[in-house]
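Got the viewer open? Here's a short walk through the model, one selection at a time.

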Amino acid sequence: MHLVEVDQSGKFEATGQHTALALANSICFTVLIPATVKRDCIRELRRHGVQGPTMYTRLFATSLYFLLRDHMKQIALVTIDIEYQGRDAQIKQHLLHLLRRARYSVDATQIAFGYVGKHSAAHDAALAVFRGKVCPDLVLTQNDLLGEFRR
């Protein structure tokens, strides 16, 4: 069982740039959400009445789902960098909902929030993908992200 960290480069609110998420330490996996995908998702969610901070935290949690889902069996504890101050409980609740709905075995104690420093392997991996120096393991599409909202 592994202790891992998650970091993000490029906020969801910054629609002119990509967002990259990385899971790292003894396991490494990266996800990229292209800027065009973020803009299309935000436009579609707004059309359906999802707005404000809730929209961004749900997009973040949904992206975390894609980042973590295939690795949860191997993870004792994942520490997710605090990206949305005061919204950790909502992010965790939505992430657990997505994982359990997809029949992934996960305990709430496996997921924690804390500060992941600039010297973290997760920070380095997310930044490398964000800057285009490394190809991501997974590139999310509008259908990937919005598909989880439609269920």
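Start by selecting residues 19-25, strand E2: six of its seven residues are buried, so the strand is mostly covered (buried is under 20% relative accessible area, exposed over 50%, partly exposed in between, using a 1.4 Å probe and protein chains only). Strands here are DSSP runs of E with at least two residues, helices are runs of H or I with at least four, and both are numbered from the N terminus.

A word on ground rules: this is a predicted model, where local features need pLDDT of at least 70 and side-chain atom pairs count only at pLDDT 80 or more, while totals for chains, interfaces and linings use all residues. Residues are numbered from 1 along each chain as its sequence is written, and side-chain values use heavy atoms, with hydrogens and water left out.

Keep E2 selected and add residues 2-9, strand E1: the two pair in the antiparallel sense over six bridges (pairing takes at least two DSSP bridges between the strands). To see one of these bridges, pick Glu-5 and look across to its partner Ala-24 in E2.

Now add residues 29-33, strand E3, which runs antiparallel to E2 with five bridges joining them. Click Ala-22 and you'll find Thr-30 of E3 standing opposite. Follow the chain from E2 into E3 and you pass through a hairpin of three residues.

Back to E1, this time with residues 75-81, strand E4. This pairing is parallel, with five bridges. Val-6 is a handy landmark, since its bridge partner in E4 is Ile-80.

Next, select residues 88-101, helix H3. Its 14 residues reach 20 Å from first C-alpha to last, close to the 20 Å expected at 1.5 Å a residue (the expected span is 1.5 Å times one less than the number of residues). Colour the buried ones: Asp-88, Ile-91, His-94, Leu-95, Leu-96, Leu-98 and Leu-99. Just past the end of H3, check the backbone at Arg-103, where phi is positive at about 70 degrees.

Last stop: zoom in on His-94 in H3. Is His-94 buried or exposed? Its relative accessible area is 12%, so it counts as buried. What does His-94 touch, leaving aside neighbours within four places in sequence? Arg-58, Ala-61 and Thr-62 are in contact with it, contact being heavy atoms within 4.5 Å. The side chains of His-94 and Thr-62 also share a polar contact of 3.5 Å (a pair of N or O atoms within 3.5 Å; within protein, one must be able to donate a hydrogen and the other to accept it, and residues adjacent in sequence count only if both atoms are side-chain atoms).
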